[in-house]
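Student: I should like a close look at a single part of this structure, namely its nonpolar core and what surrounds that core. Please give one connected account.

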Amino acid sequence: SLFCALSFGIGQLDRIGQNQLPPEKEGALWQGEIQVQKVRYSSAPFPAGHNYAQVQAKIIRQAPSNNSLPLSTNQLISLSWANPGELQQGQRYRLSAKLQRLNSQLNPAGVDFGAFNLSQGIYLNGQVQKNPAPEAIAAPLNFLDRLQIHFKTTLNQSQAPVYTRFY
């Protein structure tokens, strides 16, 4: 039993190591196509006309110029996106992002987003770049994405308390 737990833990650490961005690639510019999985908009006060979103996305394809970056199709990535407009699950975008390794804050009173992202299968952070501008790609939504959008829209239009709504 202990042997199984140790071998599982070592396997998980090996997977994290294989998917983590090498230190020399920190700050590298990645270009490719992503599919939005989850969106969390910031509640912090910003100047008028500005907003900010944290987007969990799946890598669909990377540009051929990014062959040296260790990203694979279907890998999840967490992206910070300034002024993204209206994002929904299932939407696809062609964009550029500056990549960063996951880091954990050692603040005992705060949330450890590094550990949270690892628990979600996310091994990289990125900052969406304004230049070139992200471009929406027309792609049909699958059934589950359409169903979630329907429920999100219905619930947000209802009189349900804010804490029960999808974001």
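Tutor: The largest nonpolar core has 22 residues, and those with the most contacts inside it are Trp-30, Ile-34, Val-55, Leu-79 and Leu-95. A nonpolar core is a set of buried Ala, Val, Leu, Ile, Met, Phe, Trp, Tyr and Cys residues joined through side-chain atoms within 4.5 Å; buried means under 20% relative accessible area (1.4 Å probe, protein chains only). At least two residues of this core come from each of S1, S2, S3, S4 and S5, strands being DSSP runs of E of at least two residues, numbered from the N terminus. The model is predicted: local features need pLDDT of at least 70, side-chain atom pairs count only at pLDDT 80 or more, and totals for chains, interfaces and linings use all residues. Residues are numbered from 1 along each chain as its sequence is written, and side-chain values use heavy atoms, with hydrogens and water left out.

Leaving aside neighbours within four places in sequence, Ile-34 is in contact (heavy atoms within 4.5 Å) with residues including Ile-59, Leu-79, Tyr-93 and Leu-95.

Strand S4 (residues 92-101) also holds Ser-96, which is buried, with a relative accessible area of 1%. With the same neighbours left aside, the contacts of Ser-96 include Trp-30, Gln-31 and Val-128. The side chains of Ser-96 and Gln-31 are joined by a polar contact of 3.1 Å, that is, a pair of N or O atoms within 3.5 Å, one able to donate a hydrogen and the other to accept it; residues adjacent in sequence count only if both atoms are side-chain atoms.

Terms used:
Helices (H or I, at least four residues) and strands (E, at least two) are DSSP runs, numbered from the N terminus. Buried means under 20% relative accessible area, exposed over 50%, partly exposed in between (1.4 Å probe, protein chains only).
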